[in-house]
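Reader: I should like to go through the terms applied to this model and see what each one rests on. Please set the values against their definitions.

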Amino acid sequence: GGGLPREAMALQERHRWMAANAAASFGVEDKVIEDYIGELNNLKKIDDFLQGRSKHRHIFIYYQRPDVLNDTMEMVDATGDARVMITTGEHEDMRIKSRAVFFMRANDGMADHGEKKPVRLDVSSDAELLFGEMSASPLESLNTGLMNVFQPLAGLSTSIDTESAVSNCDGEQAMGFRADFQRFTTDLSEGVRSLSAGIELPSPEAATVDTRTLQPAEIVRDHTALLEQYERLLDSWCQMIEQYLEEPLESQQKDTGEPGPRTELDFWRMRLQKITSITEQLRTKERKQVFNVLQSVTRLEQPGVPARQSLAQSLRRWKQVDIGITEAFNEAKDNVKYLSSLEKFIDPLYISSPSTIIETLPALMNALQMILTISRYYNTTERMTKLFTKITNQMIATCKACVLEGEDIDALWNKDRQVLINNFDSCIKLNMAYQEQYKKTKETLQKLPNGKQFDFSETLIFGRFDLFCRRVFKLIDMFQTIQQFTSLSQHRFDGMEKLMENFKSILFAFQTQKHDMLNFQEHRFDRDYMQFNHRISDLENSLRQFIKDSFDTMTSIEGSLKLLNKLQSILQRESLRAELESKFAVIFRNYGLELNQVQDQYEKCKTAPPVVRNLPPVAGNITWSRHLYKRIEGPMHKFKCNPAILASKDAKKLIRMYNKMAKTLIEFETLWYQAWVNSIDAVKSGLQATLVIKHPDDGNRFHVNFASEILTLIREARCMNRMGGIKMPEAAKMVLLQEQKYKVYNSELTYFLREFRRVTQLVKPNVANMMKAHIENLEYKMRPGMVTLTWTSMNIESYFSDIWRELDQFEQLVLTVNDMIDNRIDLNLKMVSNILLVNLPDESELVSLDDFVDMQERHVEATTNMLVAKSMEIESAVNDMLGAMVSYDFDPHVPAITESEISKVKAHYNQSMKQALLNATKRSLRSLKLRLSSNYRDASCQPPAFFEVDLQLDGLGVRMVPPVERIQAAINGGAVAVLKCSSRVDAWDTVTIPKNVQLILN
């Protein structure tokens, strides 16, 4: 194993890491620490600490020479080299002489099996084990760490820009934590400083002889120089202590400007520490030896020894000093005791708001009363007055902090004015509560005349606070004025722009003075404040004139009262509020004129009131009366808030007039309401009418049988309900609840009848008689709405469904029939009428007589075939149309279509076919005649040639080939052929019912 001790081989990564850190701190090799840690006892102690078996979370490692006792039983360093020592710092008597290291378990939570969570040994370093160094002065190290590390990290200092650890707390909790932390660090710093800042008494020089082995006579005889040294030393001690004790306490206390009560406690703690330091020094062995030697010499009475008068005087002087320092110690201890009991009551003065401090004042006064009554030393008038004064000073400082809220004095101009005024008000309330609680305690003590009394100077105690509150009153007045004019500018009154500009210039002039407004000892502020008020007074005079002009131009009472209320909510200064109160009386007088106007208007229009557009009659009349009532009732409510106005004689007359007019308007409304209630049942009976009626004066056209009074009732009920303050009859409620249903029924039925008329008007006249059965069938489906169904029936929805389905079916039939007529019948008839039965050549073309005859024969043959086909197509279309109309699904109660009607329709279209053939024949013959006529187009022009002929000489003259007779015969033949075309088209059978129709009828 390389010669290492057996125990050292048991070290793991964690042990080596601990040894390396300790060795680096002590400046030795790692092996030195590892060897020591590896020893069995030491390794067990460290493993118990790491595994959580130790009750401590920490362990120390020293590297120094151990302590031993010398002959005088004092601790001194042992001889030899420094050693490594491991301790928890609890039972072992070890001092830190230069430096020590410590290790601490960071996570001391419990594992699953209930034991403390162990630290992993196979890992050299992680967050589970912390390491640190400690100097020979632990208190100084702690103080340095708190001041320079933890205080900035906790967000308690502005020197390091870190996120505050207390940012999630509310304001008072964060302030309390900072104050406690600051006080602890301050106390620690003062304590550390007191260990080295006390009175250092000189120590005796090392003696060459052991005075404990000498007799007093031998010292006097053989060691005179030593005795003189001790005597001088005693005199210097007396002088130093007397100088400290005789120094006035006021000069020992540092002047911190406006010290709070904590400075008093800190002073007495420091004084106690200094006196304790003196007594501790006097108890050391070398100083006690000085006292022993000098006292033993003064007790020497052997003959031949000279008297030591100066030594006796020094010892008597020391006895007085000892009595003085004991008394000073007792005084400081007693004062610290009672002032410490006061500490928890003065903490709120530093960390709380003024409103919170008020709640703690009774407890604070009780504590001060206890100090006055029980304390042996601190209950003097001077000290109690001083303590009260410091409490007052701290209250003033807290009030300033509350107002400033951590900002500088110039930031007051930008703060919310109302919040600022509330903070000022809390300062005044604190002063009042403070003095009131003081007087209560004083009165309580006066009931015990033999006890201590609160006979302190109230001027000294409360004078500064009263001066501060005077300044606060001025600030409240000033900021209220600023808030008043700022609110006026925000309301944007017309014509006030110049006043606002003047105010801004006054405020800017005051702000430029840069006053410390919370410094009540600055008299320059008071002078400028008076000047500010003087200029504001001039501005208010202009404001009064503006208010007067505004009320003079106001025409309505309601508008005047609104303006008055708005100004009253804005203007807070007494002079302006008095001006507004006078306006109240003027408005009340104008209100009397308003009452007369309302009365005249009522008498003039009560029989036919002007009704608001779109309002029904009853709601319109009630709205009119309520409007008049509101005109007189609204202002009267506001006048009731000012009893002084209503107490005059003229006011009583106006009140009687108001009561009479109000009663009349309420009765008017009641009459209209009662008439409406009485008419509801009669109007509601209209819901029992049938849905549809036929009007005899309108050609028996269908109409929706919905009474307009129902809609009026619904509108009245809805308007009444919106107006409020009106009891709705149950009958009106029921109608109003079904408003949507009635309106939907009415709208849908109206739309249906409109569609019914539209569809029936689509029926063509040619088939109107035959369509009467279909229309009668549709009307039969509508019959329940004319006979049985009323507006309250439950099956109206199904009725609508049936008639809409029947109307859709009828409309589909009409569209089908119209389509057949337009596209299959009328279109083909038009085509037949426009057919040309002759084939005429073009104007520029000449034909021979033979060609003309052949051309006509071929054309007539083709045209005849087409006419026969068209006739058959039209007849088929008519038969299909008749079949569609006959196949309609009729109700059994509706008479069927008769055969005579069917025959009439077919005979009509047969006649239409004949007429079309006749039109085609006439048109063809007219075309032929016109083509052959000499005035073909224009009689002045030569007509175009038609036949191609030859002129031949036969010896006797000129003859035309073919001759005119033959040409005439050919033309006549063509005309005959045209006439024969129509005869070859067979006539329809208008007597026999078509087969497809007959099948449907069967």
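Author: The following exchange takes up surface patches, cysteines and backbone angles in turn. This is a predicted model, in which local features need pLDDT of at least 70 and side-chain atom pairs count only at pLDDT 80 or more, while totals for chains, interfaces and linings use all residues. Residues are numbered from 1 along each chain as its sequence is written, and side-chain values use heavy atoms, with hydrogens and water left out.

Reader: Why is aspartate 851 called partly exposed?

Author: Buried means under 20% relative accessible area, exposed means over 50%, and partly exposed lies in between (1.4 Å probe, protein chains only). Aspartate 851 has a relative accessible area of 45%, and is therefore partly exposed.

Reader: What makes the patch on the surface a negative one, and which residues gather there?

Author: The patch of negative charge consists of Asp851, Asp854, Glu857, Glu948 and Asp950. Asp and Glu count as negative, Lys and Arg as positive, and His and the chain ends are not counted. Patch residues have over 30% relative accessible area and no salt bridge, with like charges joined within 9 Å and nonpolar side chains (Val, Leu, Ile, Met, Phe, Trp, Tyr) within 5 Å. A salt bridge here is a side-chain nitrogen of Lys or Arg within 4 Å of a carboxyl oxygen of Asp or Glu.

Reader: Which helix gives the most to the negative patch?

Author: Helix α29 (residues 849–886) does, with three residues; aspartate 851 lies in this helix. Helices are DSSP runs (H or I, at least four residues), numbered from the N terminus.

Reader: Which residues form the nonpolar patch?

Author: Leu139, Leu142 and Phe184 form that patch, with about 280 Å² of accessible area together. Phenylalanine 184, in helix α5 (residues 171–197), has 47% relative accessibility and so counts as partly exposed.

Reader: Why is there no bond between the sulfurs of cysteine 402 and cysteine 427?

Author: A disulfide is a pair of cysteine sulfur atoms within 2.5 Å. The closest cysteine sulfur to that of cysteine 402 is in cysteine 427, at 5.5 Å, and therefore too far for a bond. The structure holds zero disulfides. Cysteine 402 has a relative accessible area of 16%, so it is buried.

Reader: What makes the phi of glutamate 405 worth noting?

Author: Most residues other than glycine have a negative phi. Glutamate 405 is not a glycine, yet its phi is positive, at about 55°. Glutamate 405 lies in the loop between α14 (381–404) and α15 (417–446).

Key. Areas by Shrake-Rupley, 256 points an atom, 1.4 Å probe, with all protein chains shown as cover. Charge placed at Lys NZ, Arg CZ, Asp CG, Glu CD. Helix = DSSP H or I, 4+ residues; strand = E, 2+ residues; numbered from the N terminus.
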